[in-house]
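Work through the exercises below with the sequence and the model side by side, and try each task before reading its solution.

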Amino acid sequence: MLRQYELVDRVLSYDPDADEALLNRAYVFSVNAHGTQKRANGDPYFSHPIEVAGILTDLHLDDETIATAILHDTIEDTVATPEEVERLFGANVARMVDGVTKLSKIEAQTESERAAENLRKFLLAMSDDIRVLLVKLADRLHNMRTLHFIKNEDKRRRIARETMEIYAPLAERIGMYEFMKEMQTLAFKVLEPEAYESITKRLDALQVEGEDRIAKISSGLKLLLGRGGIEVDVTGREKHPYSIWKKMSERHVSLEQLSDLMAFRAIVDTEEECYRALGVIHRRWPMVPGRFKDYISTPKRNGYRSLHTTIMHAGDTRVEIQIRTRDMHAQAEFGVASHWAYKQGAVRPDTQVSWIRDLIEILEHAESPEELLEHTRMAMYQDRIFAFTPKGELIQLPKGATPIDFAYAVHTDLGDQAVGAKINGQVVPLRTEIAQGDQVAILRSKAQEPQPNWLNFAITGKARAAIRRHLRHKDRDETVALGRKLYDEIVQRLPTPPGDGALGDALKRLKCADEAVLMEAIARRQVTDAQVMDAIMPGSADGAEHELPPQSHAIDIKGLTPGVAFRFSEGCRPVPGDRIIGVRPAGKPIEVHRIDCPALADTEEEDWVDLTWGDKAEGGTATVAITIKNEPGALGAVATLIGQHKANILGLRMDSRDTTFHTNTVDLEVRNAAHLMRLLAALRAADAVSEAERL
């Protein structure tokens, strides 16, 4: 453990103007506050915050951050109070200590709720001052280094999993790759002990065999670049175990089949020399196609800049080389901590981490812990690609992103109004995958709004959160409107018209905050018709709960959104023109059935809602069974006939087959019931068809 003078001397060595008295007060306060507390390994507890502070001195962080690290456990684990910390160390330190403290107070919830609440409070504190994140990452790194002292295996695995899923990606997103790699390696050792041991043993063996090889390649690179007039420092290393295991899993290969286990860094003086060095290397050794990345002209979102290339060395060995300047190397090692700007009063470092704003936007609108975790992990994890707006602005997206993700990355309003896109000048559907370097223009319309099917191809957390938020609001608006129509029908069944104050009294009796809450409850059948009648006019529904007639006035479903306010029954699949009825399952959207659907026999008549098609209703999916002669060309003739009648085959399954006939179930997209009847008549008249019936 660092002694008091050693810690202070470390800070003064890189920041002679640091507040030495602040650091001394923090050290003494932490030692006294933690007193005789012990860690799992038997060390005094205060050794932990001191070691966390030591880790942060390696990043040359300011005196307030170091003091926060020393004090970060005092409020949670001792009798110290936030007011006391603020009085002794100032408002900034107290606020940061409080931000770190909030993360550890969640114990009673389920694991997903606890993780989500941890993340929620962490993101809010981090958005206020990113130094909170730096302290927490150093805290987590030291805890991972001592994780093996915890005897409870389940607790070790929980901490390791949380590190792998949340803290390592956060470290990567702010460019702190050394933190990320060490946390991943330590978590991997706990989560996959057999794989870790196997890979490390094999790496140790390869290291003995390949030590000379790394030195030889390093000296060869240095000599080659020196001849080209470039002063360079070259270092070589083997990749860390988790990185290797991840590649083995993704490529489905053994460790022996991986050919790019070695990576080299060439550190030069200027940006121009980076490109000169790249040219010298590519003239000497062939480049592996698709493995060159220029992060200097297009930096990663966390500010990372470097040239990456992979060459074939000595004809059979893939070697990855990273070329960067010394400033770029400092950024690559320590991310936002490498260009600390608080002392100079410059731009706050968190403004350089724009992805935090996306996480906060997701945080504000997530409906459940699971949704929050899903969207934030999406925002933190995936490999990135670069695409450009028509004006040349660079947008970073995860691999597999579509124009919908691009639109929401630019602005939420643009995403909401997207109707199509142009990629490199060509009009494409919104589900088209964007490739590296594409120029994307979003086509928009003020009449457009987010569609439920966008969730099938939107992959960024920001896009999915915005779409779900809109659909939730739309669902509620439509449900309230539907509940209002049902309420009007219920009122008509009362013995006499209710008075002006009857609705207000009903809200109180049903414990509903306002009219909208009641209308939504009626539509979702969270209250029965009889309960509503009795609340409006007490005694009006006595003995009638199971005898109420169904609604006598049809509810027009025109304007309601499929998948939001209602859904079609998969069993009978109604299409426009069919007589339809709605069933109100408790807490779910109305389910639309054909009037002759057998499933209606299992429902209560009081749960039915009379429905009619909207004036312009057109298009639906019907399922038909077609028995076809077992002869060449018969199925093709049926498909041709369906196409001639302007119907579309969505799915086809063979149900039975014998020597003479085979029966196929076909899902058909048709305009309406009349269109379907004409098609069935045409199919029955065809020579290749024995029978054609709607299911």
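**Exercise 1. A sheet and its edges**

In what order do the 5 strands of the open sheet with mixed pairing stand?

Before the solution, some ground rules: this is a predicted model, in which local features need pLDDT of at least 70 and side-chain atom pairs count only at pLDDT 80 or more, while totals for chains, interfaces and linings use all residues. Residues are numbered from 1 along each chain as its sequence is written, and side-chain values use heavy atoms, with hydrogens and water left out.

Step 1. The order of the strands is 1-2-5-4-3, and the sheet is open with mixed pairing. Strands here are DSSP runs of E with at least two residues, helices are runs of H or I with at least four, and both are numbered from the N terminus; two strands pair if DSSP finds at least two bridges between them.

Step 2. The edges are held by strand 1 (233–238) and strand 3 (293–294), and because each has a single partner strand, one side of each is left without a neighbour in the sheet.

Step 3. Strand 3 is joined to strand 4 (residues 307–313) by 2 bridges in the antiparallel sense, and within this pairing Asp-294 stands opposite Leu-307 of strand 4.

Step 4. Helix 14 (residues 271–284) lies across strand 2 (262–268), strand 3, strand 4 and strand 5 (317–325), and runs at about 160° to strand 5. Such angles are taken between N-to-C directions, from 0 to 180 degrees, with axes fitted as lines to C-alpha atoms, for helices over the stretch in contact, where contact means heavy atoms within 4.5 Å.

**Exercise 2. Salt bridges that link distant parts**

Find the salt-bridge partners of Glu-178 and Glu-271, and state how buried or exposed each residue is.

Step 1. A salt bridge is a side-chain nitrogen of Lys or Arg within 4 Å of a carboxyl oxygen of Asp or Glu, and by this rule the count comes to 24 salt bridges.

Step 2. Glu-178 pairs with Arg-265, with their closest N and O atoms 4.0 Å apart. This pair links distant parts of the chain, since Glu-178 belongs to helix 11 (residues 177–191) and Arg-265 to strand 2, 87 residues apart.

Step 3. Buried means under 20% relative accessible area, exposed over 50%, and partly exposed in between (1.4 Å probe, protein chains only). Glu-178, at 28%, is therefore partly exposed, whereas Arg-265, at 13%, counts as buried.

Step 4. Glu-271 meets Arg-305 in a salt bridge of 2.9 Å, N to O. Here too distant parts of the chain are linked, with Glu-271 in helix 14 and Arg-305 in the loop between strand 3 and strand 4, 34 residues apart.

Step 5. Glu-271 has a relative accessibility of 38% and so counts as partly exposed, and Arg-305, at 26%, counts as partly exposed.

**Exercise 3. A second sheet and a charged network**

Describe the open sheet of 4 strands, then locate the salt bridge between Asp-667 and Arg-653.

Step 1. The order of this sheet is 17-18-16-19, with antiparallel pairing. Its edge strands are strand 17 (648–657) and strand 19 (689–694), each of which pairs on one side only, and neighbouring strands are turned by 20° against each other on average, direction ignored.

Step 2. Strand 17 is joined to strand 18 (residues 661–670) by 8 bridges, and Asn-648 has Glu-669 in strand 18 as its bridge partner.

Step 3. Helix 24 (residues 634–644) lies across strand 16 (620–629), strand 17, strand 18 and strand 19, at about 145° to strand 16. Helix 25 (residues 673–685) lies across strand 16, strand 18 and strand 19, at about 160° to strand 19.

Step 4. Asp-667 and Arg-653 form a salt bridge, the closest N and O atoms being 3.2 Å apart. Asp-667 lies in strand 18 and Arg-653 in strand 17, so the pair ties together parts 14 residues apart in sequence.

Step 5. Asp-667, at 10% relative accessibility, counts as buried, while Arg-653, at 39%, is partly exposed. Both residues belong to a network of salt bridges that links Glu-570, Arg-573, Arg-653 and Asp-667.
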